[in-house]
Protein chains: 4
Amino acid sequence: MKKSPSSEKSTIKSHPSLSPQDYTEIKETVRYSETDRLGIAHNKNYFEWFELGRTEFVRSKGIPYAEIEALGFYLVVAEACCRYKRPLRYDESFFIRTGLSEMTSKKTVFAYELVTGDGQHLIASGYTVHISTDKDGKVTPLPPEIVEKIRG
Amino acid sequence: MKKSPSSEKSTIKSHPSLSPQDYTEIKETVRYSETDRLGIAHNKNYFEWFELGRTEFVRSKGIPYAEIEALGFYLVVAEACCRYKRPLRYDESFFIRTGLSEMTSKKTVFAYELVTGDGQHLIASGYTVHISTDKDGKVTPLPPEIVEKIRG
Amino acid sequence: MKKSPSSEKSTIKSHPSLSPQDYTEIKETVRYSETDRLGIAHNKNYFEWFELGRTEFVRSKGIPYAEIEALGFYLVVAEACCRYKRPLRYDESFFIRTGLSEMTSKKTVFAYELVTGDGQHLIASGYTVHISTDKDGKVTPLPPEIVEKIRG
Amino acid sequence: MKKSPSSEKSTIKSHPSLSPQDYTEIKETVRYSETDRLGIAHNKNYFEWFELGRTEFVRSKGIPYAEIEALGFYLVVAEACCRYKRPLRYDESFFIRTGLSEMTSKKTVFAYELVTGDGQHLIASGYTVHISTDKDGKVTPLPPEIVEKIRG
């Protein structure tokens, strides 16, 4: 136990939610290796599922994420949050819904919802904030063509 | 692209930060398998590191997490957030600092800071909110002895 | 550097290969989080993919793996091997082919091949050996109904 | 179910074992996220632990793996095998022992043993075969200085 040298100020922050107009949906199934000894999917996997969701979202806009990187731009994760409502079990199928909450040349915010296979229940919701950088991590605005494509 | 049936209300939320009085610290090193093709530690690993941090925190209070589970109580993750400030690279060592932001019999909030090996720079900060349940996921208050021990 | 107390004898071992008669096939795509800083899928992921393959194999035989566990039997991994022939890159799609090499009430051997999305090139091959146990890890023969179903 | 187009020949293969003369040892502890719903460490994690073991082995020889890569050489995994003898549970500590089975400018074979925290029981043993390549995956012999250093 030690005295904390730093004490980062808490900030007021609203959790982005899915845009009602426009989202993509993919189906996934819980892998055995994604469960933990409590018998449910471990919390870290949801951030991997969010990534699958936004990969599908940008692909649906006609610009696969690999292509964005091939052009020299990287949507580095600056913040990631998830709220867990219901557990997921081994071999359970669910939907990952992904929408765009905010997009400028420098900042992109995706919002996510995981829902049960019957579409009836919310499993988790969350968001990720991304900063656009070059390969070396230097903040670099996205060109307007990419921003417009993803904004759709 | 579909219309969103649900539209969860955003809520105002302050990010908990490390209590300046009392935190534990452990050293970790980035594994090769934890890096991604951008050459930095992937965002999902931070949530695994937070887990190592709170494991150490409750152990330091004299009650290993495995013991809490052996007594029939589970600190299920209800929310997890991370803000990424600086990238971590392969074989880089860093500290995980963990403090307790809030603790009642039903809800526990841990706050985390990852700092560089020289203690000079903040790598990431975050928090996790936990609900106390029994083995089947039913909300179950922690007994006072456990609450008092962890509150220290 | 220390003297090794034990020195397990090496044994002669043939790598099982896919039965030409009978295998299942599923398509997977490399996740960003599955790549490492060399830009290719990390070697540990192949064992997760093998697991997806055998899950599909037993499901195709009419007995989902979750059902086998619900009956009180566990196909615990006793050995797992993989030979890597070609790297896999982010967002690359590939097939996981799974066949049964051997199956008795106590021992099951699955063989796997990963092939490129065009079906032309071998990416990796491997096998896993499983021992049948009860929930506590005690070796327990599978009932004939399960063995016959999986043998197909 | 389909006919298999390829049928890779099985080959006779001896599992390398730890050299009794010379190995490194590190202590690790099973993370919660490394367990699965059977309550034991999932089989894929052992390959991550092997990687930690060989990282320590080459570091002990005075040449950190990151330095080998900085020189333009990559020890790409060509084969990885593990035999599982005893399960590992959450928060259990164990040792990873790593030795060198074979080393030429083109091929390196590491052997591993995981043993219980009291040093009394074998948990798992395995090996990995590595081919030396350049950044683009082209087979490239290691320079004699590196080979000699690692051979010790």
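**View 1. Polar contacts and salt bridges between chain C and chain A.** Across the interface of chain C and chain A in this predicted model, 14 residue pairs, both at pLDDT 80 or more, are in polar contact, a term for a pair of N or O atoms within 3.5 Å, of which, within protein, one must be able to donate a hydrogen and the other to accept it, while residues adjacent in sequence count only if both atoms are side-chain atoms. Eight salt bridges are counted between these chains, each being a side-chain nitrogen of Lys or Arg within 4 Å of a carboxyl oxygen of Asp or Glu. One of them joins A:Glu34 to C:Arg31, with the closest N and O atoms 3.2 Å apart.

**View 2. The area buried between chain C and chain A.** Buried area, the accessible area (1.4 Å probe) that two parts lose on being put together, summed over both, is about 1500 Å² here, and carbon and sulfur atoms give 40% of it. In chain C, the residues that lose the most area to chain A are C:Arg31, C:Tyr32 and C:Tyr90, which together make up 41% of what that side buries.

**View 3. Strand β5 of chain C and its partners.** Strands here are DSSP runs (E, at least two residues), numbered from the N terminus, and two of them pair if DSSP finds at least two bridges between them. Nine bridges join β4 (residues 93-103) to β5 of chain C in the antiparallel sense, and C:Met103 stands opposite C:Thr108 in β5(C). β5(C) also pairs antiparallel with β6 (residues 122-133) of chain C over nine bridges.

Residues are numbered from 1 along each chain as its sequence is written, and chains are lettered from A in the order in which they are written. Local features need pLDDT of at least 70, and side-chain atom pairs count only at pLDDT 80 or more, while side-chain values use heavy atoms, with hydrogens and water left out.

Definitions and conventions. Helix = DSSP H or I, 4+ residues; strand = E, 2+ residues; numbered from the N terminus.
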